[in-house]
Amino acid sequence: MPEKEIQGMILADKIIQLRKKAGWSQEELADQLGVSRQSVSKWEGAQSVPDLDRILQMSRIFGVTTDYLLKDELGEPEYADGGDKAVLRRVTMEEASEYLSLRKKEAPRIALATLLCVISPICLLFLGGLSEGDPYLSEDAAGGIGMVVLLMLVAAAVAIFLSSEARTAEFAFLEKEAFETEYGVTGMVKEKKAAWKTSYTRLNILGTVLCILGVVPLFFFAGAGADDVVLVLGVCMLLLIEGLGCVAFVYGGVYQAAMEKLLEEGDYTRKNKARQGIKGGISVIYWLMVTAVFYWLTYGPSGNGKPQYSWLVWVIGGLLYGGLMVLLDVIERVRNAGKNDRK
């Protein structure tokens, strides 16, 4: 038998051995490599040999050296980082199903918590507007009552967020670490993702429409020459409609993100997970600064702040945060492109 055919058979056996050890089907391995299942079948049947790029991909996903894959002998796998370091935590079918079920149940709770955060300044704004023309409601009383309601709503939202996080704490590694899945998990998650696609699209459309229409009441009142109290009411309506739009986004996004975590797609690819530590540190510093600005604007350096306007800090902060994350992604891509050019 020609030496080239023997090498192909040895490589085929290695691919089969590594794939089965990882608990993947041919289709799941094909998805990881971006090829068809037939291609994997031909490799494992020694009918064809993968090109060098696919060899390098298999080296990365299986955690073995390229030398091991290309050597003309079977032997034990040679792990890239030294044995145990290449062993990944495995997610079973039961764990994946439990996680998806938990996140689907938590989605409406997290959406409610988001709504509470968005609408929390409404009482403060409305009472502040009333106090300007009402002799029985002082500005201090309006600000005090409004701040109490705001803090209560935010506290309730935080409690919901924390309780939701606690229920899925054992699955926190899905968004932080690389892992492997048991046979059938990837297929199951893809089926659920395909079934969810229509609902997810509708929720995104609904959220987008609500966010666009949120400014309509404010523009209408301003165009009609309404007084300040009515304009404040328009701002309150804006927050409520925007909040409902956020509910649609979050309700759909929580379950969608859960499936992407299990598939290691979107924001949860292994490459993105590796960068989350840096992003997380920058995010903490950023939101601490935003909170400091909010406190200063609410209470002022001498206790005479403008709490009726402090909610704008979170709106502007949220917009700038999105820009900051995009900027970090651009910097990362430029840096990676520079590294590739030097290679």
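A46 sits in the loop that links α3 (37-44) to α4 (52-62). Its phi is near 60°, which is a positive value in a residue other than glycine. Keep in mind that you're looking at a predicted model. The protein has 13 helices and 2 strands, and we'll start with two loop residues before moving on to the helices.

**Two loop residues with positive phi**

- How buried or exposed is A46? With a relative accessible area of 33%, A46 is partly exposed, because that class covers the values between 20% and 50%.
- E264 also gets a mention here: its phi is near 55°, again a positive value in a residue other than glycine.
- You'll find E264 in the loop between α11 and α12 (270-299).
- E264 has 15% relative accessibility, so it counts as buried.

**The protein as a whole**

- The chain has 343 residues, and 37% of them count as buried.
- About 19,600 Å² of the protein is exposed, and carbon and sulfur atoms supply 62% of that area.
- Now take the contacts between residues at least 6 apart in sequence: 71% of these join residues at least 24 apart.

**Helix α10 against helix α11**

- A quick tip before we look at pairs: two packed helices are described by the angle between their axes and the distance between the axes.
- Helix α10 covers residues 216-223 and helix α11 covers residues 228-263; they pack at an angle of about 165°, with their axes 7 Å apart.
- Why call this pair roughly antiparallel? The angle of about 165° makes α10 roughly antiparallel to α11, since angles over 145 degrees get that label.
- The crossing of α10 with α11 is right-handed.
- On the α10 side, the residues that meet α11 are P217, L218, F221 and A222.
- Their partners in α11 are V230, L231, G234, V235, M237, L238 and I241.
- Sorted by class, the residues of this α10 and α11 contact come out as 10 nonpolar, 1 polar and no charged.

**Helix α6 against helix α8**

- Helix α6 (residues 93-119) and helix α8 (residues 139-167) cross at roughly 160°, and their axes come within 8 Å.
- That angle makes α6 roughly antiparallel to α8.
- Which hand does the crossing of α6 and α8 have, left or right? α6 passes α8 in a left-handed crossing.
- From α6, the residues that meet α8 include L102, R103, E106, R109 and I110.
- On the α8 side, L153, A156, A157, I160, F161, S164 and R167 take part in the contact with α6.
- How many nonpolar, polar and charged residues does the contact of α6 with α8 have? The split is 12 nonpolar, 2 polar and 4 charged.

**Helix α6 against helix α11**

- α6 also packs with α11: the axes of these two helices come within 8 Å and cross at roughly 160°.
- Here too the angle tells you the direction, and it makes α6 roughly antiparallel to α11.
- This time α6 passes its partner α11 in a right-handed crossing.
- The residues of the α6 and α11 contact divide into 22 nonpolar, 2 polar and 4 charged.

**Three residues worth finding in the helices**

- R19 belongs to helix α1 (residues 3-22).
- Is R19 buried or exposed? R19 counts as buried, because its relative accessibility is 10%, and the buried class means under 20%.
- If you leave aside the neighbours within four places in sequence, R19 is in contact with W24, S25, Q26, L29, E44 and F62.
- G128 is part of helix α7 (residues 122-131).
- The relative accessibility of G128 is 19%, so G128 counts as buried.
- Between G128 and D140 there are 8.9 Å in space, C-alpha to C-alpha, and they are 12 residues apart in sequence.
- K197 lies in helix α9 (residues 185-213).
- K197 is exposed, because its relative accessible area is 57%, and the exposed class means over 50%.
- Where does K197 stand relative to G252? The two are 55 residues apart along the chain, and their C-alpha atoms are separated by 9.6 Å.

Conventions
Residues numbered from 1 in each chain as written. Predicted model: local features only at pLDDT ≥ 70, side-chain atom pairs only at ≥ 80, totals over all residues. Heavy atoms only, no water. Axes fitted to C-alpha atoms, helices over the stretch in contact; angles between N-to-C directions. Helix = DSSP H or I, 4+ residues; strand = E, 2+ residues; numbered from the N terminus. Parallel < 35°, antiparallel > 145°, perpendicular 65-115°, else oblique. Left-handed = near helix turned anticlockwise from the far one by under 90°. Contact = heavy atoms within 4.5 Å. Nonpolar A, V, L, I, M, F, W, Y, C, P; charged D, E, K, R; others polar. Buried < 20%, exposed > 50% of the residue type's maximum accessible area, 1.4 Å probe, protein only. Areas by Shrake-Rupley, 256 points an atom, 1.4 Å probe, with all protein chains shown as cover.
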